[in-house]
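Me: I'd like a close look at one part of this model, and then whatever you can tell me about its surroundings. Here it is.
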Amino acid sequence: MARKILCVAEKPSIAKSVAQHLSGGHFNTHSIRGNTFVKNYEFDFNFSPPWGQCSVTMTSVLGHLTSLEFTQAHRQWNSCSPGQLFDAPVETEVDKDKKAIAANIASQAKYAGALFIWTDCDREGEHIGSEVRQVAFESNRTIEVKRAKFSNTERAHIIRAAQNPVNLDDRQVNAVAARIELDLRLGAAFTRYTTLSLRSLGGDLADRVISYGSCQFPTLGFVVDRAPKAWKQVPQDGQSKSHEIAEDLYNKGWISYPRTETDTFDQGMDLKKLIERQSQDHAWGGYAQTLLRGGFQQPRGGRQNDQAHPPIHPVNYVASHSLADDERRVYEFVVRRFLACCSEDATGESTTVDIQYGDETFSATGLIVLERNYLVVYTYEKWTSSQPLPKFTLNESFEPTEANITEGETTAPGYLTEPELISLMDANGIGTDATMADHIAKIKEREYVMTQPRTGGAQTNGVNGRGNRGARVGRGSSRGASSAGGAGRGGDGRSVQQFIPTTLGVALIEGYDGIGLESSLGKPFLRKEMEIKMKEICAGTKSRNDFVHETLELYKAIFVRTQQQVGVLKAACRKYVFGGQP
DNA sequence: GCAAGGTC
């Protein structure tokens, strides 16, 4: 008798494309009760031994199924002192809006011999897998649990993943479980404490939530740190908002998942097949053909590899006329970059000339390209930016035909722009690609920062001190974060958003900096430390319990110090928020 | 009324 196998992906789009590949396109689709996004796909598939030919239900969750919460006794803000939240009991429960999805998994698991987890191959995906496993166990204690390991939705790759299942990695599950617990305890304790303490100052602080989070606070810190230097506005070219477009192209199946943690292609990937699909294009197809006819080079590996996502690459061919303008530009960039990666290096000859002219030394560099190779297809990079230099011999003297002095001055950097903020967060391990925009939206919603489009031209902001007299916390200046997920977006889509801290934002960072902690909550180091320790858990060199325990002890000490020095925090608020001091 | 992390 055919056995039944339940497969669960992290999102509906993956469930569908896996179902398509495994079934060869022959599957039945069923809606589930209580959720319009999740579908069950049913088909047969011949798994590797011991399973063999099985009837399969392929379904999905929608990200995490569960949340960690304090038990009822500690949910009210006045139920305990905030410091007790470091040790208060917590419980995991299925999110209200995920109950139907959990019920679907439980009922499908009941008569299945095995559960195959198809969540994304990253830490969070591993934890989501463990949430699915828990729900399945509750209706079927003997179900066998396996995990399919895949990093893209190419047909052959998916079939290989189905036939070579591994086990869930409980180290990664534990690392994420620890993060969840710490973020909850630290966030709630410091948020309640800061909110309630500053409320006593009255006025504008009487009725607002002043939240702390291990990501939102360092994000605010970056904005405040750059503000005093904001003397002049520096003109800058516009940037398109491109990540969203890339995500769109991914969802439509044209390119791989747009993440950048990895710069090494797996040896097993069939790169030539991907190149072949591009050979029909009228712009770069000819180049793709030259690679297939012998120009192909296996890309050099970089040093980053998250073992989850391959470097961004085109998956399927799409003709440019089928794409919108923005999409076409992003797709073309991804394709050209990929083809360049599979090409020979370019070669060139560079010449450097040092010239002694009176007391001054001048230097010039020139370059001649000998073999263009990848430069042919990667049109974004030119080796022609430097001047062609005439031929000189060593110690030669010559008479210059012209000698000019041009005037210029060094300009101070302006307020932090959105791309700068994102790269600071990235470099310091604050948030993930998927959540960075949320953290930025959060500090806008809390009115810690405001955004303004950076226009060209020479506007001057306050030169002294904090540089922003206009940005009060008051309601009038509020812009909120109502543009969904809209971290600094808006405007006409071309201008760059810059971040201006409000007086409240400045007060919080200055206040916490002034408390005299070894490492301020407004700096990224504590979060970075958490990230390092999570990696240690994944590597097996640290236990979840040790990590949670030592991090809680560290933050308890910071909490006690904050209580002792709360006067410093209040003084900063009086100075900036009420005094209106920049 | 608190966080950060998934996803729609």
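Which residue in β6 stands opposite Ser-67?

Reply: It's Glu-93 that stands opposite Ser-67. Bear in mind that this is a predicted model, where local features need pLDDT of at least 70, side-chain atom pairs count only at pLDDT 80 or more, and totals for chains, interfaces and linings use all residues. Residues are numbered from 1 along each chain as its sequence is written, chains are lettered from A and ligands numbered from 1 in the order in which they are written, and side-chain values use heavy atoms, with hydrogens and water left out.

Ser-67 sits in β5 (66-70), which runs antiparallel to β6 (residues 90-94) and is joined to that strand by 5 bridges. (Strands are DSSP runs of E, at least two residues, and helices are H or I runs of at least four, numbered from the N terminus; two strands pair when DSSP finds at least two bridges between them.) In a regular strand, side chains alternate between the two faces of the sheet. In β5, Thr-66, Leu-68 and Phe-70 point to one face and are buried, while Ser-67 and Glu-69 point to the other and are not. Buried here means under 20% relative accessible area, exposed over 50%, and partly exposed in between, with a 1.4 Å probe and protein chains only.

Now for the DNA. The side chain of Glu-69 has an N or O atom 3.5 Å from a base nitrogen of DNA strand B. A polar side-chain atom of Arg-179 is 3.3 Å from a sugar or linking oxygen of that strand, and for Thr-432 a side-chain N or O atom lies 2.8 Å from a phosphate oxygen. Two elements, β5 and α5 (170-199), give two or more residues to the surface near DNA strand B, where near means a heavy atom within 4 Å. The largest share, 10 residues, is from α5.

There are 35 residues around DNA strand B, and Leu-62, Lys-98, Arg-192, Arg-199 and His-439 come nearest. By type, that surface has 10 nonpolar, 13 polar and 12 charged residues. (Ala, Val, Leu, Ile, Met, Phe, Trp, Tyr, Cys and Pro count as nonpolar, Asp, Glu, Lys and Arg as charged, and the others, Gly among them, as polar.) On the DNA side, 62% of the strand B atoms within 4 Å of the protein belong to sugar or phosphate, and the rest to bases.

Key: Polar contact = N/O pair within 3.5 Å; in protein donor to acceptor, adjacent residues only side chain to side chain.
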